[in-house]
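Colleague: I would like to go through the reasons behind a few labels on this model. Please show it first.

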Amino acid sequence: MAVSSPSVAVAVAGDTADADQARLHQLGYKQELKRGLSVVSNFAFSFSIISVLTGVTSTYNTGLRYGGPASMTLGWLVVASFNGCVALSMAEICSAYPTSGGLYYWSAKLAGKKWAPLASWVTGWFNIVGQWATTTSVDFSLAQLIQVIILLATGGANGGGYVASKYVILAIYGVILLLHGLINSLPIHWLSWFGQLGVFWNVTGVFVLVILIPSVAKERASAKFIFTNFNTDNGVGIHSKPYILAVGLLMSQYSMIGYDTSAHMTEETKNADKSGPIGLIAAVALSSIFGWIYLVALTSIVTDIPYLLSTDNDAGGYAIAQALYSTFHSRYGSGIGGLVCLGVVAVAIFLCGVACITSNSRMGYAFSRDGAMPYSHVWYRVSKHEVPLNVVWLSVFVAFAMALTSLGSQVAFQAMVSIATLGLYISYALPIFFRVTTARKAFVPGPFHLGRYGVVVGWAAVLWVAFVTVLFSLPVAYPIVKDNFNYTPVAVGGVLLLTILAWVFHARFWFRGPIININVDT
């Protein structure tokens with residue numbers, strides 16, 4: 001028995017590899033990337049890119065300003081429920097079509113022959129632009145956090161601390177991007193290690209911070225305050241509670257993006273039609289749970305909202321940094337413990353950025369494989385380690401170029417970053433929409449499916465994304481002036497306009513959607 005076990009294991013592994021390769025061939029592609037990821041590794045990439053430590057910390061100011069504790073803690077549960085519908089619908093489609101192209105390939109297969117090329121084109125461009133914007137927002141938020149840590153470590157804004165210029169912040173951002181490019185140039189087994197490290201760091205970080213923060217605080221908010229206090233003193237001229245609540249939901253929505261990574265990694269995942277969907281759903285479910293727990297712990301030390309949001313505090317208005325620094329300073333006479341907590345978050349954001357470039361590069365590789373990107377023949381190349389190296393560095397370059405808008409206008413930069421959330425969610429919703437409309441009867445599910453509930457869950461997902469798209473486009477301050485104008489609809493509309501114009505005047509003459517790249521006799 002002991003002698004035969006290894007051979008049986010090898011045979012099973014071989015059967016799995018053959019099945020994955022055969023299914024990929026059925027979808028029209030040959031195996032070019034190294035298939036070495038387990039279901040745990042696939043989950044790890046999505047969990048790391050969602051990274052609740054990243055999303056919650058970097059957008060906490062928004063939630064605190066628009067509705068405060070109640071808007072965040074209860075709003076998170078609402079957003080998590082509907083995000084669950086989006087994730088379940090995506091997982092069902094992922095099981096049927098496990099390819100690196102993911103969303104745009106799904107749209108092509110589900111929209112019907114007549115509309116397949118246009119559906120694929122629009123979905124793909126929204127997805128890849130959204131991914132580039134996500135990398136920009138994640139890595140730039142890390143650069144900003146590093147600047148705040150340095151500011152507090154050198155005395156704070158009111159104690160002569162070092163305030164970095166926008167050029168220094170951009171330089172820090174550039175270094176971070178460079179490191180992420182170098183890491184993503186490594187073979188897939190090293191990237192898998194970074195993905196699993198991201199899971200460990202996020203889970204352990206949440207666990208430690210959730211226990212440590214309330215324990216250290218000498219003054220803690222009551223449960224009633226955490227779950228019922230509604231902040232209307234936002235200083236932006238909005239007084240309608242429903243309106244404030246709606247805008248406050250955006251913090252939770254931003255914190256839950258990027259889980260399409262599991263789909264983009266399926267060509268490198270073993271048993272892809274099962275492992276991909278499981279990785280996607282597990283990442284969203286666990287992120288929803290850990291994110292809410294972390295959010296409640298952070299809110300427990302929020303006792304003076306106006307002060308935390310004030311740009312006159314030591315952290316320059318970075319609410320969570322000020323809250324952590326003040327909590328440890330009040331207990332121990334020093335804020336070093338707070339800086340350590342911020343350091344834990346900074347590492348989580350760094351690992352999230354690694355996963356962002358990984359996802360960008362796999363989507364870019366697949367999109368160029370189908371000829372959809374300019375100079376596709378350049379980006380559609382893999383290194384000797386079977387890594388899409390050229391498109392890794394394209395992702396780094398584009399993310400840096402996007403951040404250059406921060407030198408001209410912070411408002412313009414925020415508009416650029418807003419594409420991260422809306423761009424991705426629009427690309428999530430399009431294939432789901434086609435699944436419940438044009439392909440309602442023709443859809444052939446994979447091993448993971450929702451059965452008779454697939455259409456109902458799909459419609460819930462589509463309507464939620466439509467609702468969120470409206471929310472992201474609402475004015476965020478009154479009266480509306482150029483310094484507070486919400487450029488989100490302009491930015492997202494610009495992406496849509498450019499995509500459609502490119503289609504009408506150029507792409508419709510040659511782009512036919514996903515291209516088969518295997519020989520006829522394969």
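The exchange below takes a few residues in turn.

Modeller: This is a predicted model, in which local features need pLDDT of at least 70, side-chain atom pairs count only at pLDDT 80 or more, and totals for chains, interfaces and linings use all residues. Residues are numbered from 1 along each chain as its sequence is written, and side-chain values use heavy atoms, with hydrogens and water left out.

Colleague: Why does Gln253 count as buried?

Modeller: Its relative accessibility is 1%; buried means under 20% relative accessible area, exposed over 50%, and partly exposed in between, with a 1.4 Å probe and protein chains only. Gln253 is therefore buried.

Colleague: What makes the pair Gln253 and Trp464 a polar contact?

Modeller: Their side chains are joined at 3.2 Å, and the term requires a pair of N or O atoms within 3.5 Å; within protein, one must be able to donate a hydrogen and the other to accept it, and residues adjacent in sequence count only if both atoms are side-chain atoms.

Colleague: Which residues does Gln253 touch, not counting those up to four places away in sequence?

Modeller: Val79, Asn83, Thr421, Tyr425, Trp464, Val468 and Phe472, where contact means heavy atoms within 4.5 Å.

Colleague: Why is Asn271 called partly exposed, and Ser51 buried?

Modeller: Asn271 has 32% relative accessibility, so it counts as partly exposed. Ser51 has 1%, so it counts as buried.

Colleague: What is phi at Ser51, and what is phi at Asn271?

Modeller: Phi of Ser51 is near 40°, a positive value in a residue other than glycine. For Asn271, also not a glycine, phi is positive, near 55°.
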